[in-house]
Amino acid sequence: MWEFSINPESKTPKYKQIIDSVINGIEKKQLNIGDKIPSINAISETYLLSRDTVEKAYAYLKEENFITSVKGKGHFIANTDLVSKIHVCLIFNKLSPYKKMIYDSIVRGLGDVAFVDLFIHHCDPEIFDNLVTKKLGEYSYYVVMPNFHVIDERVKSTLKKIPDTELIILDRLIPELVGNFGSIYQDFRKDIFGALEENIEDIKKYEKINLVFPVDEVYPYPKEIIRGFNDFGYKYQMDMQVIDQVMEDQEVKKGDLFIVIDEYDLINLIKAIRGKGLITGEDVGIISYNETPLKEVLENGITVMTTDFKAMGKTVANMIKTKTLFQEKNDFVFIERNSL
């Protein structure tokens, strides 16, 4: 026998529990077309809920054509064909070519089974908290990229507002955050170390390795990249240096290798190499962080080390479609081209 299942201790909003109860009843064939369900007043009184909460749930069910109302008689099941689309909320830190690759991959992977909305928190914990608080209960899944200067207790508290069964964390692993949520992440420190170590013979032909790590006060890059870079330098006793940007008149000399994260720095570096009359891939080496289509053709090909953004998005889509959340490190690859 079907009845509403409302858990006062659950993090899932009460109105969504009402929705889920009706849909679960339909899935289990406990509710059929024409069956009457309790009135708004009855639900409100039985479960000590506000009328607004119940009305919000019933309004959604009517909008999705699961129920209908007959004046003076009540609410009835109108449809048992569960083809209602999944609603997915993406919350990214910024817009960039890499984020677009993830977004496109998620949308393609989900196809026509889901609606996907994208929001940006701009690495601001207050904007992030307001977004989550406002959107809580409106979506089936929340795919969050928690890239902040510091993942502090405030950020963790905001993430904990989202039920584990609806949360997928992208890009970063947060070891202190415990739960059965999904996560597809990079291990920035081990990734750069492993990529450099696997290509040590090509790298050894250069005398000095420069990591260009931007100091961006708005959109920070993970400092684990620097730690992995330094780990490599310490193990192989190479001349290593971290700089924060490349100027158009950057001092560049034969035997230098640059690892570049930001594309503006990449462009300035190419200009500086040309200005000195040096040859990329022979006199000066370039490894760029994160693949984009431009790097495949620029300067006859720029060597990159990159996570597989398309695979990341595809994994997210598969988690959602199969309703199976898990935590997994994303693949990281080294693509050698003419610039090394």
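This report walks through a strand and its partners, two cysteines, and two residues with an unusual backbone angle. The model is predicted, so keep that in mind as you look around.

## Strand β7 and its neighbours

Let's start with β7, which covers residues 167-172. Six of its six residues are buried, so the rest of the structure largely encloses this strand.

On one side, β7 pairs with β6, the strand at residues 141-144. The two are parallel, and three bridges link them. If you want a spot to click on, try Tyr142, which stands opposite Leu167 of β7. Helix α6 (residues 153-160) belongs to this picture too: together with β6 and β7, helix α6 makes a right-handed β-α-β unit.

Strand β7 also pairs with β8, found at residues 182-186. This pair is parallel as well, joined by five bridges. Here you can look for Asp171, whose bridge partner in β8 is Tyr185. While you're looking at strands, here's a handy rule: side chains in a regular strand alternate between the two faces of the sheet.

## Two cysteines, no bond

A disulfide is a covalent bond between the sulfur atoms of two cysteines. How many disulfides turn up in a search of the whole structure? The count is zero.

Why is Cys89 not bonded to Cys123? The sulfur of Cys123 is the closest cysteine sulfur to that of Cys89, but the gap is 16 Å, which is too far for a bond. To count as a disulfide, the two sulfur atoms would have to be within 2.5 Å. Looking from the other end, Cys123 is in no disulfide either, and its nearest cysteine sulfur is that of Cys89.

Are these cysteines buried or exposed? Cys89 is buried, with a relative accessible area of 0%. Cys123 is buried too, at 6%.

## Two residues with positive phi

Most residues other than glycine have a negative phi. Now check out Asn290: its phi is near 80 degrees, a positive value, and it isn't a glycine. Asn290 sits in the loop between β12 (285-289) and α11 (293-297). With a relative accessibility of 9%, Asn290 counts as buried, because the cut-off for buried is under 20%.

Then there's Glu299, which has a phi near 55 degrees, again positive in a residue other than glycine. You'll find Glu299 in the loop that runs between α11 and β13 (303-307). Is Glu299 buried, exposed or partly exposed? Its relative accessible area is 23%, so Glu299 is partly exposed.

Key. Residues are numbered from 1 along each chain as its sequence is written. This is a predicted model: local features need pLDDT of at least 70, side-chain atom pairs count only at pLDDT 80 or more; totals for chains, interfaces and linings use all residues. Side-chain values use heavy atoms; hydrogens and water are left out. Buried means under 20% relative accessible area, exposed over 50%, partly exposed in between (1.4 Å probe, protein chains only). Helices (H or I, at least four residues) and strands (E, at least two) are DSSP runs, numbered from the N terminus. Two strands pair if DSSP finds at least two bridges between them. A crossover is right-handed if, with the strands pointing away from the viewer, the path from the first strand over the helix to the second runs clockwise.
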